[in-house]
Amino acid sequence: MATQFLQEMGNLNISDPKEMMSLVIKWVQKTFPNVESVTTGTLQCWMEEKPEELIILDTRSPAEFEVSHLPGAILIDPQSDTLQEFLQKQLLPESKNKNIICYCTVGYRSSMTAQSMNEFLSSEAGQTPKTTLKVYNAEGGLAKWASERRLMVDKQEQPIHLVHPYSAAWAKLLEPELQAQI
């Protein structure tokens, strides 16, 4: 599905990263209509004003995470079979009334993860008394976050402005000075 979208976007001959990002956000929201998104501005406010109510999950690869990630983010592997186990063991017992924010480079992989989490949380196995977890996708992912010059950190937790773009096709969403070498 992402390959088809990238081909269609390439056929439009759009070169402005902001215009491309707008199309990507609409495509992700259309592809995952049951996943609620949170804007970068709202997420930053939450991170500053109520970090104790947030669980930020980075759904990218370890190589992408090492280049840059959101402060306080936890790297998870959405492709593993341990996502439900992760929710049960690490999140549910200690996560009463928290917002879970999933993000990736542009929002596609994180929306898949958020959708899986919502399905699990609405299942019998995911029901825990007195726990209110709300799962969101970070709109536009790290590409949008970086383009707005918001704080990211590297593997040593030092501020950085570069983003691993996942692939050359997705790198087009980033200004050249924000693209890490892949």
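The following exercises, with worked solutions, concern a predicted model.

**Exercise 1.** Determine which strands pair with S5 and in which sense.

*Solution.* Begin with strand S1, residues 36–38: S1 and S5 are joined by 3 bridges in the parallel sense. Within this pairing, Glu36 is placed opposite Tyr136 of S5. Next take strand S4, residues 98–103, which runs parallel to S5 and is connected to S5 by 5 bridges. Here Ile101 stands opposite Tyr136. Finally, consider the covering of S5, residues 133–138: 5 of its 6 residues are buried.

**Exercise 2.** Compare the span of helix H6 with the span expected at 1.5 Å a residue.

*Solution.* Helix H6 covers residues 108–122 and contains 15 residues. The expected span is 1.5 Å times one less than the number of residues, which for H6 gives 21 Å. From first C-alpha to last, H6 reaches 21 Å, close to that expectation. Buried residues of H6 include Tyr108, Thr113, Met117 and Phe120.

**Exercise 3.** Classify the aromatic pair formed by Trp27 and Tyr108 as stacked, tilted or edge-to-face.

*Solution.* The structure holds 4 aromatic pairs. In the pair of Trp27 and Tyr108, the ring centres lie 5.0 Å apart and the planes differ by 5 degrees. Planes under 30 degrees apart count as stacked, so the pair is stacked. Its members come from distant parts of the chain, 81 residues apart: Trp27 belongs to helix H2 (residues 17–31) and Tyr108 to helix H6. Both Trp27 and Tyr108 are buried. Together with Phe32 and Trp170, Trp27 and Tyr108 form one aromatic cluster.

How values were computed:
Residues are numbered from 1 along each chain as its sequence is written. This is a predicted model: local features need pLDDT of at least 70, side-chain atom pairs count only at pLDDT 80 or more; totals for chains, interfaces and linings use all residues. Side-chain values use heavy atoms; hydrogens and water are left out. Buried means under 20% relative accessible area, exposed over 50%, partly exposed in between (1.4 Å probe, protein chains only). Helices (H or I, at least four residues) and strands (E, at least two) are DSSP runs, numbered from the N terminus. Two strands pair if DSSP finds at least two bridges between them. Rings of Phe, Tyr and Trp (its six-membered ring) pair if their centres lie within 6.5 Å; planes under 30 degrees apart count as stacked, over 60 as edge-to-face and the rest as tilted.
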